[in-house]
Amino acid sequence: MHAKVNHAKVEFDAIPGNLGFARVAAASFAAGLGFTVEDLEDIKLAVSEAVSNCIIHAYPGPGEARPTVLMVMEARESEFVVSIEDKGIGIADVAMARKPGVTTDSERLGMGFTLMEALADQVDVKSELGVGTRVEMIFSPERGG
Ligand SMILES: Nc1ncnc2c1ncn2[C@@H]1O[C@H](COP(=O)(O)OP(=O)(O)OP(=O)(O)O)[C@@H](O)[C@H]1O
Ligand SMILES: [Mg+2]
């Protein structure tokens, strides 16, 4: 087990204009944990995919509350853990949604989860219909490849 050495939480509106903010927030938090510049680009891309999903899929209807995304970042001794969470519609079948090419939007490729899995060392998705979705990704600087 790795001891938690730092953490930060940011909550922001689920709008496309906040995508850049989320990417840079994650990369700047992870900077200094031993990641290469390429690793930090991977983190930005993976965070982008997870946050995009919250913005695009989680809040389709005219909801009452202000739709938001919560991003929690944790620096552990040898890893960076980021979770991206919404209080949206949820995913009916997570195992299916994670498969390459599976999408509920015919305009999209259905490659977001596949990309996250390729970029992060570990991806965990928890979702409940009508409650929301939480994607946790773990990145380790000493990973191979
Ligand atoms: N936060 C979320 N809330 C609700 N549904 C989601 C969420 N994230 C993903 N999904 C569902 O899982 C499916 C697969 O997501 P994935 O990111 O792999 O592909 P996509 O977003 O459809 O396409 P792409 O990411 O390639 O643009 C989505 O089409 C959507 O139905
Ligand atoms: Mg996606």
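This text walks through a predicted model, beginning at its ligand and then turning to single residues along the chain.

The ligand is the place to start. The shell around ligand 1 holds 19 residues, and those that come nearest are His57, Asp86, Thr103, Thr104 and Met111. By type, the shell divides into 8 nonpolar residues, 8 polar ones and 3 charged ones. Where in the chain do residues of this shell come from? Helix H2, which spans residues 37-58, and helix H4, which spans 112-119, each supply at least two of them. The largest share comes from H2, with 5 residues.

Some contacts of the ligand can be followed atom by atom. An N or O atom in the side chain of Asn53 is 2.8 Å from an oxygen atom of ligand 1. In the side chain of Arg108, an N or O atom is 3.3 Å from an oxygen atom of the ligand. With Met111 the backbone takes part: one of its N or O atoms lies 2.8 Å from an oxygen atom of ligand 1. On its own, ligand 1 has 600 Å² of accessible area, and the protein covers 92% of this. The space that the ligand takes is the largest pocket.

Helix H2 also contains Leu40. Is Leu40 buried or exposed? Its relative accessible area is 15%, and residues under 20% count as buried, so Leu40 is buried. In sequence, Leu40 and Pro67 are 27 residues apart, and in space their C-alpha atoms are 27 Å apart.

Before H2 comes a loop that links it to helix H1 (19-30), and Phe35 is found in this loop. Phe35 has a relative accessible area of 12%, so this residue is buried as well. A separation along the chain can be set beside a distance in space here: Phe35 and Phe139 are 104 residues apart along the chain, while 9.1 Å separates their C-alpha atoms.

The next stop is strand S2, residues 68-76, where Glu74 has its place. Glu74 has a relative accessible area of 16%, which means that the residue is buried. What does the side chain of Glu74 make a polar contact with? The partner is the side chain of Arg76, at 2.9 Å.

Beyond S2, a loop leads to strand S3 (79-86), and Glu77 is located in that loop. Glu77 is exposed because its relative accessible area is 57%, and the exposed class begins over 50%. The two glutamates therefore fall into opposite classes, with Glu74 buried and Glu77 exposed. Glu77 and Ser140 are 63 residues apart along the chain, and their C-alpha atoms are separated by 9.7 Å.

How values were computed. Residues are numbered from 1 along each chain as its sequence is written. Chains are lettered from A and ligands numbered from 1 in the order in which they are written. This is a predicted model: local features need pLDDT of at least 70, side-chain atom pairs count only at pLDDT 80 or more; totals for chains, interfaces and linings use all residues. Side-chain values use heavy atoms; hydrogens and water are left out. A residue is near a molecule or strand if one of its heavy atoms lies within 4 Å of it. A polar contact is a pair of N or O atoms within 3.5 Å; within protein, one must be able to donate a hydrogen and the other to accept it, and residues adjacent in sequence count only if both atoms are side-chain atoms. Accessible areas come from the Shrake-Rupley method with a 1.4 Å probe; for residues, only the protein chains shown count as cover. On a 1 Å grid over the protein atoms alone, a cavity is a set of points where a 1.4 Å probe fits but cannot get out, and a pocket is an open set with protein on both sides within 12 Å along at least five of seven lines; lining residues have an atom within 4 Å of a point. A molecule sits in a cavity or pocket if more than half of its atoms lie within 2 Å of its grid points. Helices (H or I, at least four residues) and strands (E, at least two) are DSSP runs, numbered from the N terminus. Ala, Val, Leu, Ile, Met, Phe, Trp, Tyr, Cys and Pro count as nonpolar, Asp, Glu, Lys and Arg as charged, and the others, Gly among them, as polar. Buried means under 20% relative accessible area, exposed over 50%, partly exposed in between (1.4 Å probe, protein chains only).
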